[in-house]
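Could you walk me through this protein structure as you would for someone meeting one for the first time? I would like to follow it step by step, from the sheet to the pocket and on to a few single residues.

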Amino acid sequence: MAEDLHKLKNSNSKASKMIVELQKHGIHNESLLSLMLTIPRHDFVEPAFSHLAYSATPLPIGRNQTISQPLTVARMTEWLLEYSRMGRILEVGTGSGYQTCILSHFFNKVHTIERQQRLFERAQKRLSQLGVNNVEYLHGDGHVGWPTTLTVDAVIVTAMASKIPLALTDCLKDGGVLIMPLDQPEPMIGCWRKMGVQWKCLEESPAQFVPMLEGLVCE
Ligand code: SAH
C-alpha cells in the first residue's frame with residue numbers, strides 16, 4: 001500500500017513536470033493539460049521503461065512499436081480540439097491505447113484500428129480497466145478502413161505512410177479533419193480539412209512515426 005502511494009506520488013510529480021514542458025512548447029488547452037496530468041502514462045509503456053514514461057521521448061510499447069512522445073500526442077489532440085467537431089473519430093494505430101484514451105475523453109465515440117493482435121488485445125484490456133467505454137476496437141488494417149459503414153468527424157493516423165489511404169478519406173464527412181503523418185516530401189504530420197474534393201492544409205509539423213504497414217499480425 002505504502003509502496004503504491006509512493007509510486008503514485010512519484011508519477012504525479014513526473015506528470016506535473018511533463019505538463020510544464022508541454023506548456024513551454026506551446027500547448028495551452030487547459031482541459032487537455034489537466035487530462036494528461038491524470039492519465040497514468042506509465043501503465044501504457046513497456047514496464048522496463050515506465051520510469052521514463054513522462055519524459056520527452058518516444059518509448060517502446062511492445063512488438064517493436066512505440067508510443068509517441070507527449071508533445072506529439074498533445075499537439076495532434078490540440079489540433080483536433082481546435083478544428084474538429086467532437087462527435088465520432090476513427091483512429092488508425094491503437095498501439096498502447098494512450099492516444100485512444102485521450103480521444104475517448106473528448107469525442108462521443110472513438111473507433112480504433114490496430115493491425116497487431118497482441119497490442120490490440122492489451123490496449124482493449126488496459127482501457128476497460130481505466131473505465132473507458134466509448135471505444136470500438138478493431139483488429140484490422142487501416143488501409144482497408146472500418147468493416148461497416150462509418151462516417152466520422154475526424155480521422156487520426158498514428159503511423160507514417162507515403163500516401164493517404166482512400167478508405168480513410170472516404171469515411172470522413174465533408175468539413176471533417178484528417179491528421180496523418182506522411183513521409184513525403186519529408187516526414188511531416190499534417191492536419192487537413194476535407195472541403196468537397198479539395199483539402200485545406202490547416203497545420204503541419206515535422207515528426208517521426210513508425211511505418212503504416214499492410215496486413216494483419218495474428219498471434
Ligand atoms: N498512438 C499509439 C502509438 C501508435 S504506434 C499510442 O498512443 O500508443 C503505431 C501503431 O500503428 C502500431 O501499434 C502499429 O502496429 C500500428 N499500425 C501500423 N500500420 C497499421 C495499419 N495498417 N493498420 C492499423 N494499425 C497499424
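**A walk through the model**

Let us begin with the pocket. The residues lining the largest pocket comprise 19 nonpolar, 17 polar and five charged ones. Keep in mind as you look around that this is a predicted model. The pocket itself has a volume of about 640 Å³. In general, empty space is found by rolling a probe the size of a water molecule over the atoms. Here, the lining is made up of 41 residues, and those that lie nearest the centre are Thr66, Ser68, Thr158, Phe209 and Val210.

Which parts of the chain supply the lining? At least two residues each come from β2 (65-67), α3 (70-83), β3 (88-92), α4 (98-106), β4 and β9. Helix α3 gives the most, with six residues.

Next, turn to the sheet. Seven strands form an open sheet with mixed pairing, and their order is β5-β4-β3-β6-β7-β8-β9. At the edges you will find β5 (135-139) and β9 (198-206); each has a single partner strand, so one side of each is left without a neighbour in the sheet. On average, neighbouring strands of this sheet are turned by 15 degrees against each other, with direction ignored. Helix α5 (residues 117-129) packs on the sheet, where it touches β4 (109-114) and β5. The direction of α5 makes about 165 degrees with that of β5.

Now follow strand β7, which covers residues 172-182. Is this strand largely enclosed or largely open to the outside? Being buried means having under 20% relative accessible area. Eight of the 11 residues of β7 are buried, so the strand is largely enclosed by the rest of the structure. As a general point, side chains in a regular strand alternate between the two faces of the sheet.

What are the partners of β7? One of them is strand β6 (residues 152-157), which pairs with β7 in the parallel sense over four bridges. To find this pairing on your screen, look for Val155, which stands opposite Leu178 in β7. Strand β8 (residues 188-195) also pairs with β7, this time in the antiparallel sense over six bridges. Here Leu182 has Met188 in β8 as its bridge partner. Together β7 and β8 form a hairpin, with five residues between them.

That connection holds a detail worth finding. Pro185 has its place in the loop between β7 and β8, and the peptide bond leading to Pro185 from Gln184 is cis, with omega near 0 degrees.

Continue from β8 to β9. These two strands run antiparallel and are joined by eight bridges. One pair to look for is Lys194 with its bridge partner in β9, Trp199.

After β9 comes a segment that includes Leu213. This residue is partly exposed, with a relative accessible area of 38%. Which residues does Leu213 touch, once its neighbours within four places in sequence are left aside? The contacts of Leu213 are Arg115, Asp141 and His143. You can also compare Leu213 with Ala159: the two are 54 residues apart in sequence, and their C-alpha atoms are 8.4 Å apart in space.

The contact with His143 takes us to another part of the chain, the loop between β5 and β6. His143 is partly exposed as well, at a relative accessible area of 23%. Leaving aside neighbours within four places in sequence, His143 is in contact with Pro165, Ala167, Met212, Leu213 and Glu214. Of these, Ala167 lies 24 residues from His143 in sequence, with 6.4 Å from C-alpha to C-alpha.

For the last stop, go back to an earlier stretch of the chain. Arg63 is in the loop between β1 (59-62) and β2, and Asn64 lies in the loop between β1 and β2 too. Although Arg63 is not a glycine, its phi is positive, at about 55 degrees. Asn64 is not a glycine either, and has a positive phi of about 65 degrees. How exposed is each of them? Arg63 is partly exposed, with a relative accessible area of 29%, while Asn64 counts as exposed at 78% relative accessibility.

Notes. Residues numbered from 1 in each chain as written. Predicted model: local features only at pLDDT ≥ 70, side-chain atom pairs only at ≥ 80, totals over all residues. Heavy atoms only, no water. Buried < 20%, exposed > 50% of the residue type's maximum accessible area, 1.4 Å probe, protein only. Pairing = 2+ DSSP bridges. Axes fitted to C-alpha atoms, helices over the stretch in contact; angles between N-to-C directions. Contact = heavy atoms within 4.5 Å. 1 Å grid on protein atoms, 1.4 Å probe; cavity = no way out; pocket = protein on both sides within 12 Å on 5 of 7 lines; lining within 4 Å. Points joined across faces, edges and corners; volume = space filled by probe spheres on them. Nonpolar A, V, L, I, M, F, W, Y, C, P; charged D, E, K, R; others polar.
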